[in-house]
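The report below is meant for someone meeting this structure for the first time. It moves from the chains as wholes to their helices, their shared interface and a few single residues.

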Amino acid sequence: MSRRLIVLFLALLVLVGAMSLKTVVVTHGDGSVIMANGSAPPPPVPWKNGGTPVQVLGNGSAPPPPVPWK
Amino acid sequence: MPGLTNSIIWLVGTLLEGSVLVCALKTKSLRRYLFLNVYMALSFLVSVARFEVLIRWGYTSLEYAYFYFYSDALLTLGLYFALLNLYSLVFDEMKVERYLRLGAVVLLGGTAWFSYAVINQSSHRILSHFAFELSQNLYFVGLVLTYVLWGAILKLRETRTRLIQLVLALGIYFSAFAADYALRNLYPNLQPVFQYLTPTLAWILPAAWAYAFLCVREETRLAPSSLAAVSR
């Protein structure tokens, strides 16, 4: 098998692993938003939980706003 | 508007991001760790811009919300490239840059395609939701890639202390957020604690990287453990 195919296979393996991990986490989570991010007072997510406070992980420390869609 | 404590946490986080650049400049590490520094510079600028938007339009405004999520997608992309920078440094002696680039493009393209496939069925505001979904998915890709890099460092018996420190900091950063998310779900009644703990976790990465640039010299190596030879 060529090296390119191995790289392709490994990249897809990482992608499948990451998306599976995300699915598991989101399924067992409370519906709050997860991101690779930081700080500030958590706003309620508009599409779930009826106003339960939700924290967003964000890049940097800026307060995460409510999600504008939905 | 965020409260006083959250504002202070935000300010300290922003200053820490700026301090990474200062430390990298001081130790002449700007070019070697270019994407790490670009990411930190972006984080600093975005943090300042977010504050401006927040002050002008308000916390609950659509302007702030859109700016926050679009800039967040940009930052997560920046973090992805910073991680690839660390990959290329770990594997630099193996001359596999070509394959790393191929893997990075495939992975980024695959994540973008997956994000589009998800939001295409569930949202009518495709562009903004796509930026948000891509950001989330790249976070998980980054998490997995960091653990893979940890494994590679162990397997290759990497001894460059600064590089190890930078990668370990990234792993701890990702892991801390994952643990925080899990704990928030387990103990939802501890919300008053988490509202300060979660933003404080954002300090981990800039603080650890600033320390690595300032206190760990590029040529420092980890001494391998000495083994005792026991005669039988």
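What follows describes the two chains, then how they meet, and then some loop residues.

Residues are numbered from 1 along each chain as its sequence is written, while chains are lettered from A and ligands numbered from 1 in the order in which they are written. This is a predicted model, in which local features need pLDDT of at least 70 and side-chain atom pairs count only at pLDDT 80 or more, whereas totals for chains, interfaces and linings use all residues.

**The two chains**

Helices and strands are taken as DSSP runs (H or I over at least four residues for a helix, E over at least two for a strand), numbered from the N terminus. Chain B has 8 helices and 0 strands, and its C-alpha trace spans about 70 × 40 × 40 Å along the principal axes. Chain A, by its secondary structure, has 1 helix and 0 strands.

A residue is called buried if 20 or more other C-beta atoms lie within 10 Å of its own, exposed if 12 or fewer do, and partly exposed in between, with C-beta atoms placed from the backbone. By this rule 39% of the 232 residues of chain B are buried, and 47% of the 70 residues in chain A. Two residues are in contact if their C-beta atoms, placed from the backbone, lie within 7 Å. Among contacts between residues at least 6 apart in sequence, 72% in chain B join residues at least 24 apart; in chain A the corresponding share is 5%.

**The opening helix of each chain**

The expected span of a helix is 1.5 Å times one less than its number of residues. Helix α1 of chain A, residues 3-28, has 26 residues and should span 38 Å, and this agrees with the 37 Å between its end C-alpha atoms. For α1(B), with 23 residues, the expected span is 33 Å, and its end C-alpha atoms are 32 Å apart, which agrees.

The buried residues of α1(A) are A:Val7, A:Ala11, A:Val14, A:Leu15, A:Ala18 and A:Lys22, and they pack against α4 and α5 of chain B. In α1(B), the buried residues include B:Trp10, B:Gly13, B:Glu17 and B:Cys23; the buried residues of α1(B) pack against α2, α7 and α8 of chain B.

**Where the chains meet**

In the contact between the chains, 60 residues of chain B touch 40 residues of chain A. The largest share of the side of chain B that touches chain A comes from α5(B), with 14 residues. That side divides into 33 nonpolar, 22 polar and 5 charged residues, where Ala, Val, Leu, Ile, Met, Phe, Trp, Tyr, Cys and Pro count as nonpolar, Asp, Glu, Lys and Arg as charged, and the others, Gly among them, as polar.

α1(A) and α4(B) pack at an angle of about 40 degrees with their axes 9 Å apart, the axes being lines fitted to C-alpha atoms over the stretch in contact, and the angle running from 0 to 180 degrees between N-to-C directions. Residues making this contact include A:Val7, A:Leu8 and A:Leu15 of α1(A), and B:Leu102, B:Gly103 and B:Phe114 of α4(B). By class, the contact of α1(A) with α4(B) has 13 nonpolar, 3 polar and 2 charged residues.

**The nonpolar core**

A nonpolar core is a set of buried Ala, Val, Leu, Ile, Met, Phe, Trp, Tyr and Cys residues joined through C-beta atoms within 7 Å. The largest such core has 65 residues, and those with the most contacts inside it are B:Val141, B:Leu166 and B:Trp209. Helix α1 of chain A and α1, α2, α3, α5, α6 and α8 (204-215) of chain B each supply at least two residues of this core, and α3(B) gives the most, with 13 residues. Leaving aside neighbours within four places in sequence, B:Leu166 is in contact with B:Leu36, B:Leu86, B:Trp209 and B:Ala212.

**Residues in the loops**

B:Ser29 is placed in the loop between α1 and α2 of chain B and is buried, because 20 other C-beta atoms lie within 10 Å. Apart from neighbours within four places in sequence, B:Ser29 is in contact with B:Ala24, B:Phe213 and B:Glu218.

Two other loop residues of chain B are set out below.

| Residue | Loop in chain B | Phi | Other C-beta atoms within 10 Å |
|---|---|---|---|
| B:Lys95 | between α3 and α4 | near 55 degrees | 8, exposed |
| B:Arg157 | between α5 and α6 | near 50 degrees | 8, exposed |
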